[in-house]
Structures are given as C-alpha cells and as structure tokens.
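Subject: Structure handover

Hello,

Here is the structure you are taking over. Please have a look at it first, then read the notes below.

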Amino acid sequence: MLKVLLLFVILIAGIVLGPLMSGHQGYVLIQTDEHNITTSITGLVIIFLLLQFLLIFLGWGYRRLKRTGTSTRSWIFGGYKRHRARSQTRQALLKFTEGDFKQVERLMARNADHAELPVVNYLLAAEAAQRRGDYFQTHHYIAQAAEVADKDQLPVDISRVRVQLAQGDVHAARKGVEKLLEHTPRHPEILRLAEQAYSLSGAYQSLIDMLPSMLKANLHSEEEIVKLRQQAYVGLMNQVMAGKGSTGLKVWWKDQSRKIRHDIVLQVAMAEHLIECNDHETAQQLILDGLKQQYDERLLLLIPHLKITDATTIQKTLSHLLKQHGATPLLNSTLGQVALRQGEWANAESAFKAALAQRPDAHDYAWLADALDRLHKREEATQIRNKGFMLTLKRDSDVEA
C-alpha cells in the first residue's frame, strides 16, 4: 500500500510541477444543464488520480474487514473446538490409566480433527478399540490416522504392525515390519516388533541377522542377545530336523561357524535332536567331542540317553575326565550307568557307591540295588532300596511343606 501511495505522490508532483514550470496548464470545461465547471488539465488529472486512489483504498479496506471477520469467526468457533478437543484428550488419557478403554476410544475419536496432534488421537483410539477386541474400529481409526498423518506415516505403520501381531496376523505383521526395517533399520520399537514377528513366524535366520542391530540399539543386554541367538538356532534345528531328518541336521551343523559349533547350549540341543532322530552314533561322537573341548555336565547328562554301541570309548573318556576334573558325583553316576547297561555289575557297584558317598540320590540308590541284585547281594540290595525309598519320602514331605 505504501508503494502505491508513493507512486501517486510522484505522479501528482510530476503533473503539477511540469506545466507550472513550463507555464502552460491548459483549460477544461465541463458543462451541464445548470452548472459550468472549469478547471485546468492538471487539476483534472489530480482529481482523477485522487478518485482512483480513493477507490483502491476503499477496496483494500473492504478486503481487510472481510478477512478480519473470517479470522474472528474462525477464532471463536475453531478455538472452542480446539479447547474442547484438548479437554477430551486429557480426560481420555486419565481413562486410559484407569483401563476404561470404551471411554478412551469415544473421547479420543471425538473432535480428533481439532486436536493438537490428530494422528495421536486416532492412534490412541485404535489402541483402545484393539484392547476392547473391536478390530473393525481399530482398522478404521488407523485408516483415519493415515489420512491426517500426511507424509509422517511411521507412527501409523508401527501401530498397524502392533495391531496385526495382537490379532495373530503374523505373516502380515512380518511383511509390514520388513518394509519398516528397509527405511529405519535401527528404530527400537520396530526392532521389538520384528523380534516378535520373526519368532512367531519361524523366520529364525532373519532374527539372527537382526541381532547385531538389536545390540547396537541397546534393546537387550549381551546376555539376552546370546540367549536369543541360541533360541533362534534351536528353532532352525527343529525346522531342519522336520524337513530333512538327521541327514539334513548333520549337513546343516557342518555348515555352521566354529563359534556356533562350540557353543555348549547348541551342542546339547544338537545332540538331543540327533537322539530324537535315533542317530545315536553321531550324537555320541558330538557329546564326546564336546566334552574334550570343555567339560560341561549338560553334555554328561545326555550319555545315559544314548544307545551305546561303543562303551569302551565312552568309559575311556569318562575315566580321563575323572582324572582331569576329579571324582564328581555326576561323573561316577554316569560311569555306573554305562557299566550297568554293559552288564559290568562290579564296576557299576563301585561307581554308584562312590557317587553316593559324595551325595545321596534316589536314582543312584535304585541303580546300585539293581547291580547288587545281579551280584547276588540280596540283603545289601534291600537295605539300599530302603535308603532310596526313605530319601524319596523325605523329599516329598519337604516339597509339600
């Protein structure tokens, strides 16, 4: 507006001063039935320009007044709705803490378009509907959230995957979470959802590949990551065993890294799978190799479950472990069980007695009694059985107490 005014001032000054300086103003006559109006050309131009300026000013004033009225109406009515939306959002959050999800859904959805963050209101309404088990309304609210979210669709996509997991639609959740990982591979909540989706869908290799990112995002401690990795590999073992049996298991195990093949937990799991497949020979070799690498009683506990074809090798390994790690109750008990299954009654007797001398055990008492029966030591066998029976009764009473 100032520029226009300045322009008119310059024009008027030019029109007025120009003729004055030249001494020729001109003459204009405007004649009507009753009046004669005379003026100079300069005056006529000035009057015309002033009239144009007045018209422009009146137009500008009208537009400004109209715009002010619209803003005022918007402030009066829109402000009321925004205030109401804020109040309802606060009430909904309180109801959320109370667990009244029906009220949460109603309050969050009402006037959501006038809330400070409409997408948040719709997503919380979807969460409330999902808690109530109303999945139709849940998807409806998520669709509305997607409309108002514009380009920021990440919160909506995360909520959609969360709902899919809650509904048990695992494959859709897995597909959704994989798309999210392409754009935000280290987002903590996306990694959490991916962990659930991969575990539930049996995508164990994908879960294993994702573990480094989970560790960097501080989603789990190192110990928890190790457990997750072990669980994922056991899941892979189950899949390989179900599809290809012991032959496939052996090939798969051979293809694993040295670190994985030396993991005690996975060695135990692999041996258990081989025993389940009735491949006792491979299981025995795996157990004995594992015990040579590092002594662990979890491997030792599997030996009695083997259908032993080469007892001599097992007995040599156990005797070597006795010299190396000392006579532990479990080592003596395992030696006794192997001897008992091989019909070596005297060796079984001495091994079980050595184990019982270190700690009482109901199973060892029973096995020792069997060995004594085979050696025709009936009276001693009866006494041993009584001790085992009394120990069992005592432990049962302790458990009930």
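How many salt bridges does the structure hold? There are 15 of them. Please keep in mind that this is a predicted model. As background, side chains of opposite charge can pair when their charged atoms come close. Some of these pairs are described here, and then the largest pocket.

**Lys250 and Asp279**

Start with the pair formed by Lys250 and Asp279. Their side chains meet in a salt bridge, at 3.4 Å from N to O. This pair links distant parts of the chain, with the two positions 29 residues apart in numbering. Lys250 sits in helix α10, which covers residues 222-255. Asp279 lies in the loop between α12 (264-276) and α13 (280-293). Is Asp279 buried or exposed? Asp279 has a relative accessible area of 12%, so it is buried, as this is under 20%. Lys250 has 36% relative accessibility and counts as partly exposed.

**Arg298 and Asp296**

Next comes the salt bridge between Arg298 and Asp296. Their closest N and O atoms are 2.9 Å apart. Asp296 is buried, at 15% relative accessibility. Arg298 is partly exposed, with a relative accessible area of 43%.

**Asp364 and Arg359**

The side chains of Asp364 and Arg359 form a salt bridge too, at 2.8 Å from N to O. Asp364 is buried, with a relative accessibility of 1%. For Arg359 the relative accessible area is 24%, so this residue falls in the partly exposed class.

**A network**

Which residues are linked in a network of salt bridges? They are Glu349, Lys353, Lys377 and Glu380.

**The largest pocket**

Now to the empty space. Rolling a probe the size of a water molecule over the atoms shows where such space is left. The largest pocket holds about 190 Å³. Which element gives the largest share of its lining? That is α13, with 6 residues. The helix α13 also marks one end of the loop that carries Asp279. Among the lining residues are Trp253, Arg261, His262 and Gln267. Thr282, Gln285, Leu286, Asp289, Gly290 and Gln293 line the pocket as well. By class, the lining has 6 polar, 2 nonpolar and 2 charged residues. Leu286 and Trp253 count as nonpolar, and Arg261 and Asp289 as charged.

If you are short of time, begin with Lys250 and Asp279, the pair that links distant parts of the chain. Then turn to the pocket lined by Trp253, Gln293 and others.

Best wishes

Technical notes
Residues numbered from 1 in each chain as written. Predicted model: local features only at pLDDT ≥ 70, side-chain atom pairs only at ≥ 80, totals over all residues. Heavy atoms only, no water. Salt bridge = Lys/Arg side-chain N within 4 Å of Asp/Glu carboxyl O. Helix = DSSP H or I, 4+ residues; strand = E, 2+ residues; numbered from the N terminus. Buried < 20%, exposed > 50% of the residue type's maximum accessible area, 1.4 Å probe, protein only. 1 Å grid on protein atoms, 1.4 Å probe; cavity = no way out; pocket = protein on both sides within 12 Å on 5 of 7 lines; lining within 4 Å. Points joined across faces, edges and corners; volume = space filled by probe spheres on them.
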